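The exercises below are meant to be worked through with the structure in view. Try each task before reading its solution.

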Amino acid sequence: MNDNEYVKHIGGSGDPIGVHLRLPLSYQALYLADQTAFHDYAFAVLDDDEAAEESVHTAMLRVQDNWDELLVERNMQQQVWAIMRQTVEEFRQDREDRAAITQGLDDYRRGLHRLNSEQGVFEALAALPPQQFDAVVLRYKPQRIGWYMGISEQTVAYHCRQGKQRLEQAVPTLLKKDGEARTGGPQRDGHEGLTP
């Protein structure tokens, strides 16, 4: 292996197995020269070390993907920083979006505790485990729910099914009518969440 090759180690043995990525020395030099500044900037915006590391890593992958185009730019450093700022901003916006969804779900669950229903549907819905509650209540496409929860679309569907089964067990008379669940029908985006 020469000094122009980065070996990605996979597995616990430490053997250099897996994919060999050849990184240009100029790219490596740029990263080594600016990595502290990149991380400091990301940390200043995100105020979280792990998120800062992840955003810098993502930005540097984008830089790597566009390396040949960046080499012919008049001011490559300016373009690299533009990629860095855009990536960090995307991470910041992502975090804000997740926080807003989390707050909305918390408010919704608290609101359910204040409602009374003769059949107990609100109480049953509020009693669902967190992932089942989120999967059942969120009225997004499964892909968006998976993004928020950090799980695959298949796992979202699983949690949705499990949540619906728990609700059917807790409130069978309300959720079953003529053999069909009364959920308000399919939603505009195709995700069939429950509407109390």
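A salt bridge is counted where a side-chain nitrogen of Lys or Arg lies within 4 Å of a carboxyl oxygen of Asp or Glu. The model used here is a predicted one.

**Exercise 1.** Decide how the side chains of Glu-96 and Arg-92 meet, and what separates the two residues along helix H4.

*Solution.* Begin with the distance from N to O, which is 2.2 Å for Glu-96 and Arg-92, and this falls within the 4 Å cut-off, so the two side chains meet in a salt bridge. Next, consider their places in the sequence: Glu-96 and Arg-92 are four residues apart in helix H4, which means that about one helical turn separates them. In general, an α-helix has 3.6 residues a turn, so residues three or four places apart point the same way. Finally, look at the surroundings, where Glu-89, Arg-92 and Glu-96 are linked in a network of salt bridges. Glu-96 has a relative accessibility of 41% and therefore counts as partly exposed.

**Exercise 2.** Find which parts of the chain the salt bridge between Arg-62 and Glu-90 ties together.

*Solution.* First, the closest N and O atoms of Arg-62 and Glu-90 are 2.8 Å apart, and the two residues form a salt bridge. Then assign each partner to its helix: Arg-62 lies in helix H2 (residues 49-65) and Glu-90 in helix H4, so the pair joins parts that are 28 residues apart in sequence. Arg-62 is partly exposed, with a relative accessible area of 29%, and Glu-90 is partly exposed too, at 33%.

**Exercise 3.** Classify the aromatic pair formed by Phe-38 and Trp-81 from its geometry.

*Solution.* A pair of aromatic rings is described by the distance of the centres and the angle of the planes. For Phe-38 and Trp-81 the centres are 4.9 Å apart and the planes stand at 65°, which makes the pair edge-to-face. The partners come from distant parts of the chain, Phe-38 from helix H1 (residues 25-46) and Trp-81 from helix H4 (residues 76-114), 43 residues apart. Both Phe-38 and Trp-81 are buried, and together with Tyr-41 they form one aromatic cluster.

**Exercise 4.** Work out on which side of helix H8 the buried residues lie.

*Solution.* Start by listing the buried residues of H8, which are Val-156, His-159, Cys-160, Gly-163, Lys-164 and Leu-167. These residues cover an arc of only 135° around the axis, and therefore they lie on the same side of H8. The face turned away from this buried side carries the exposed residues Gln-154 and Gln-169.

Definitions and conventions. Residues numbered from 1 in each chain as written. Predicted model: local features only at pLDDT ≥ 70, side-chain atom pairs only at ≥ 80, totals over all residues. Heavy atoms only, no water. Buried < 20%, exposed > 50% of the residue type's maximum accessible area, 1.4 Å probe, protein only. Arc of directions from axis to C-beta. Phe/Tyr/Trp six-rings, centres within 6.5 Å; stacked < 30°, edge-to-face > 60°.
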